[in-house]
Amino acid sequence: LSPSSAASDVYKRQMYCCSEGVVLDLLKKVPLEALERFAEKWGLEENGEPRRELTPAEQDAMEAENPMEERFRAEVTVNGQPLRESTGYGRYWKPEDGCCDEDADRVLEHYELERNCGWAIWRVCCLWNGGKLKPETVELTMTAEPRPASLENAPRLKPQVRLWLMP
């Protein structure tokens with residue numbers, strides 16, 4: 001996922017450095033058609049809940065096929081030194097949600113993101129290790145969590161993706 005790749009249209013990222021550490025916002029654009037196909041396949045209500053009770057295997061398969069979902073471990077390295085993740089969270093935004101999730105809505109507004117698609121939003125916060133650093137290079141490595149063989153073809157991140165945030 002380098003800025004020159006086609007994936008830059010799908011994945012967006014922003015980094016903030018502050019006195020306590022680094023904050024990374026990762027944003028994944030999800031086409032409306034993908035959300036509609038997913039909802040139709042799994043018989044989802046408008047609120048995102050299935051119309052019928054799913055077995056545990058069906059629930060796992062549905063989660064794995066969710067175009068908004070990515071399961072990854074984020075590792076941030078600054079000037080060659082790994083940082084410890086202190087907090088993080090994920091949010092989803094879909095056009096039919098409108099202003100239901102004020103936090104997600106504020107993120108879309110802040111980054112001036114289009115609203116005719118879905119967005120998966122992740123924030124990763126890492127503390128400086130024992131003191132202030134002046135970031136010269138910042139690298140984010142996202143490592144996808146393993147999936148069962150039966151779900152191997154479901155859309156997801158490559159096994160490991162490196163994003164150079166600086167220089």
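Let's start with Glu-114: its relative accessibility is 36%, so it counts as partly exposed. Keep in mind that this is a predicted model. From Glu-114 we can work our way to its salt-bridge partner, Lys-29, and on to strand β6, where Lys-29 has a bridge partner too.

**Glu-114 and Lys-29**

- Glu-114 and Lys-29 meet through their side chains in a salt bridge, with 3.1 Å from N to O.
- Glu-114 sits in the loop between α3 (102–111) and β6, while Lys-29 belongs to strand β2, so this pair ties together parts that are 85 residues apart in sequence.
- Lys-29 comes in at 25% relative accessibility, so it is partly exposed; the cut-off for buried is under 20%.

**Strand β6 and its neighbours**

- Strand β6 covers residues 117–127, and nine of its eleven residues are buried, so the rest of the structure largely encloses it.
- Strand β2 (residues 21–31) runs antiparallel to β6, and eleven bridges join the two.
- One place to look for that pairing is Lys-29, whose bridge partner in β6 is Trp-119.
- Strand β5 (residues 84–93) is also antiparallel to β6, joined to it by nine bridges.
- Here you can look at Arg-91, which has Ile-121 as its bridge partner in β6.

**Other salt bridges to find**

- Side chains with opposite charges can pair up when their charged atoms come close.
- The structure has nine salt bridges, including the one between Lys-29 and Glu-114.
- Lys-41 and Glu-65 form a salt bridge through their side chains, at 2.7 Å from N to O.
- Lys-41 is in helix α1 (residues 32–42) and Glu-65 is in helix α2 (residues 56–65), so this pair ties together parts that are 24 residues apart in sequence.
- With 55% relative accessibility, Lys-41 counts as exposed, whereas Glu-65, at 23%, is partly exposed.
- Arg-51 and Glu-45 also meet in a side-chain salt bridge, this time at 3.8 Å from N to O.
- Arg-51 is exposed at 58% relative accessibility, while Glu-45 is partly exposed at 40%.

**A linked group**

- Which residues are linked with Arg-91 in a network of salt bridges? They are Glu-102, Asp-103 and Arg-106.
- Arg-91 is worth a second look, then: it belongs to that network, and it is also the bridge partner of Ile-121 in β6.

Technical notes. Residues numbered from 1 in each chain as written. Predicted model: local features only at pLDDT ≥ 70, side-chain atom pairs only at ≥ 80, totals over all residues. Heavy atoms only, no water. Buried < 20%, exposed > 50% of the residue type's maximum accessible area, 1.4 Å probe, protein only. Helix = DSSP H or I, 4+ residues; strand = E, 2+ residues; numbered from the N terminus. Pairing = 2+ DSSP bridges. Salt bridge = Lys/Arg side-chain N within 4 Å of Asp/Glu carboxyl O.
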